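Subject: Handover of a structure and notes on it

Dear colleague,

Please find below the structure that I am handing over to you. My notes on it come after the sequence and coordinates.

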There are 2 protein chains.
Amino acid sequence: MKKAKHTTARTLSAVGEDAAIAALVKVLGDDGAPALGPGDDCAVVEMGDGKEWQLTSDPIVEGIHFLSEAEPRLIGRKAVGRALSDIAAMGGQPKWVLVNITAPGELALDQLKSIYRGARQLTRKYGATIVGGDLGKGPELALHVFAIGQSPAGSSIRRDGAHPGDILYVTGQLGGSALGRHFAFEPRIREGLWLRKQGGVTAMMDISDGLATDLPRLLKRSGASALLQERAIPIAPAARRLEDGKSPLLHALTDGEDFELVFTVSPERATALEDAWRKAFRLRLTRIGEILAGPGQLLLEDKSGQRQQWTAAGFEHFRS
Amino acid sequence: MKKAKHTTARTLSAVGEDAAIAALVKVLGDDGAPALGPGDDCAVVEMGDGKEWQLTSDPIVEGIHFLSEAEPRLIGRKAVGRALSDIAAMGGQPKWVLVNITAPGELALDQLKSIYRGARQLTRKYGATIVGGDLGKGPELALHVFAIGQSPAGSSIRRDGAHPGDILYVTGQLGGSALGRHFAFEPRIREGLWLRKQGGVTAMMDISDGLATDLPRLLKRSGASALLQERAIPIAPAARRLEDGKSPLLHALTDGEDFELVFTVSPERATALEDAWRKAFRLRLTRIGEILAGPGQLLLEDKSGQRQQWTAAGFEHFRS
């Protein structure tokens, strides 16, 4: 690729991922007629047999998503786990997976096999099959995983269904995944399937870039705002162990790679769903706030009842 | 990834792509029950609605598949074209496409949009829709395209159906694609669909790594050998313009990125198929040889009737 000739050209770094994706979606226009195009966890296409299929793809690159010292088996597991998490976020059953690997020629075949073993272990666990992929040369190790999930037609839980009054939930605990959970996370396939069948879930997504970054994406798609209760945010123990000057709460809100589910439930269904969850799973489920009418804002209420708004620079009181 | 600790470890370069893929397929075992797993142009899965779907994925990486000076629109076109060519090779109709891009932050948004424009132009031309993808950071530009194609159940043309006596054909002309055709090639979607509907085609694949590299893959899957007629090989004009010491014929046999189709036809159907082809297409179709009983060997017969066998080092008479 030619480097941009003028330093004034808007670069990927300058505009950010969300704006870049929005620009690309405009380029794509309205070709074809998928049930759901770009902008959710998965694209959804109908197959004319009473089912719909979730399509998703996810890249991980050496030096960015994992260090060069990482264990090959864990790299394979993580690459597949990220894509399965996208299917979990729509309540789908993962079915077919393709794994593309590009790597330098010096990579040992044994390491490549370990990557595949790690990938296969996770697909098997969740009932999916690796049916193909491609192997090519590249200057560093990169994996691109493509996964296909299945649901009854019209049943995928999307990002755009949250309504004012809906209760906001998150699974598990957030923050500090860099200390190890980014390799060991479980894609919430079982929980996603259960939530879809349960009914009452109005919108859902997985948390890959941190709650404070991802939730506004759901809010924007739904045309609503959200109020989070600061004291309700489930902070992972690892987020407290990172002694880097950021508060554990800020870690829980902004660290990437939690791969937990955040979802909204209509208020009349919320209590019953919570009760049923506790019978079905040991995994923590936390009511963290509610959906408000509004223009996609994310608000945080602290213990004293004061509300702050999330901006690109963080919550107001985090800045000083 | 850790570098291999012992210099005796078998690396990706040392074992080669085919052996590495074979090792990985063993790792995958026999999970699930796709209609067709790894080892063909696409994986094929049945969807229970009288249709089957071809799944394929293809990476292209800056510095390997295109130079950093390349035009962004052509990079996008090429990335999609390679995946569509895999679907063409099974006689499928491409339907859905996902485009993953990893790039450095300095990449201009306008260049990214041009890549997508080039990709979309080609998907539209062949009736497919880009429904998603992912955008991430990476040290250099890389595109991974995932494509899904469709055929009636059981109708995909595979690599494993060639029988002794079948006639061997190739579309278009071969060699010298580095002079420009590697960006401008047409995936042979229309021809692939037509061939599937025509009947009598027993095996097919696309030529991405050169006829002498790819055809043995089809032969191995089919458990048969092939005899090529040297004088019949359709050599592209570009292969004659490359004055690098290699003969035009060797270019036609070994240059990568032709993206033409090579296929076999049962002998009783061959002449009728050739006649029908000439009415349907202006694209050249050439009878280049035939399938023999044998252990996956590729033989070349020269004008004097002498036969040479293809090995990793090339045909015998090319070496001196």
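The notes below deal with the two chains together, then with parts of chain B and of chain A.

Please bear in mind throughout that this is a predicted model.

**The two chains together**

Chain B can be superposed on chain A with an RMSD of 0.0 Å, by a turn of 180 degrees and a shift of 0.0 Å along the axis. This is the relation of a two-fold axis. The two copies use the same surface, since 100% of the contact residues of chain B recur in chain A. The residue of chain B that comes closest to the rotation axis is B:Asp49, whose C-alpha lies at 2.7 Å.

As to the contact itself, 73 residues of chain B are in contact with 74 residues of chain A. On the chain B side, the helices that give two or more residues are H1 (12–15), H2 (17–28) and H4 (109–125). Strands S1 (43–46), S2 (51–61), S3 (93–103), S4 (129–137) and S5 (142–152) of chain B do so as well. By residue class, this side of chain B divides into 37 nonpolar, 18 polar and 18 charged residues.

**A sheet and a helix in chain B**

In chain B, 5 strands form an open sheet with mixed pairing, in the order S1-S2-S5-S3-S4. S1 and S4 of chain B stand at the edges with a single partner strand each, so one side of each has no neighbour in the sheet. On average, neighbouring strands of this sheet are turned by 20 degrees against each other, direction ignored. Within the sheet, S3(B) and S5(B) run antiparallel and are joined by 9 bridges. B:Ile101 has B:Leu143 in S5(B) as its bridge partner.

Helix H3 of chain B covers residues 72–88, which makes 17 residues. From its first C-alpha to its last, H3(B) reaches 24 Å, close to the 24 Å expected at 1.5 Å a residue. This helix is mostly covered, with 15 of its 17 residues buried.

**A buried glycine in chain A**

A:Gly92 is placed in the loop between helix H2 (72–88) and strand S3 (93–103) of chain A. A:Gly92 counts as buried because it has 29 C-beta neighbours inside 10 Å, where 20 or more are required. Leaving aside residues up to four places away in sequence, A:Gly92 touches A:Gln54, A:Ile87, A:Gly149, A:Gln150, A:Ser151 and A:Ser156. A:Gly92 and A:Arg190 are 98 residues apart in sequence, while their C-alpha atoms are 9.2 Å apart in space.

**Strand S11 of chain A and its partners**

In a regular strand, side chains alternate between the two faces of the sheet. Strand S11 of chain A (residues 298–301) shows such alternation: A:Leu298 and A:Leu300 point to one face and are buried. A:Leu299 and A:Glu301 point to the other face and are not buried.

S11(A) is joined to strand S8 (residues 225–229) of chain A by 4 bridges, and these two strands run parallel. Here A:Ala226 stands opposite A:Leu298. S11(A) is also joined to strand S12 (residues 307–311) of chain A, in this case by 3 bridges and with the strands antiparallel. A:Leu300 has A:Gln308 in S12(A) as its bridge partner. The hairpin of S11(A) and S12(A) has 5 residues between the strands, and in it A:Gly305 takes a positive phi near 90 degrees.

With kind regards

How values were computed. Residues numbered from 1 in each chain as written. Chains lettered and ligands numbered in written order. Predicted model: local features only at pLDDT ≥ 70, side-chain atom pairs only at ≥ 80, totals over all residues. Contact = placed C-beta atoms within 7 Å. Nonpolar A, V, L, I, M, F, W, Y, C, P; charged D, E, K, R; others polar. Pairing = 2+ DSSP bridges. Axes fitted to C-alpha atoms, helices over the stretch in contact; angles between N-to-C directions. Expected span 1.5 Å × (residues − 1). Buried ≥ 20, exposed ≤ 12 C-beta atoms within 10 Å, placed from the backbone. Least-squares fit on C-alpha atoms with pLDDT ≥ 70 in both.
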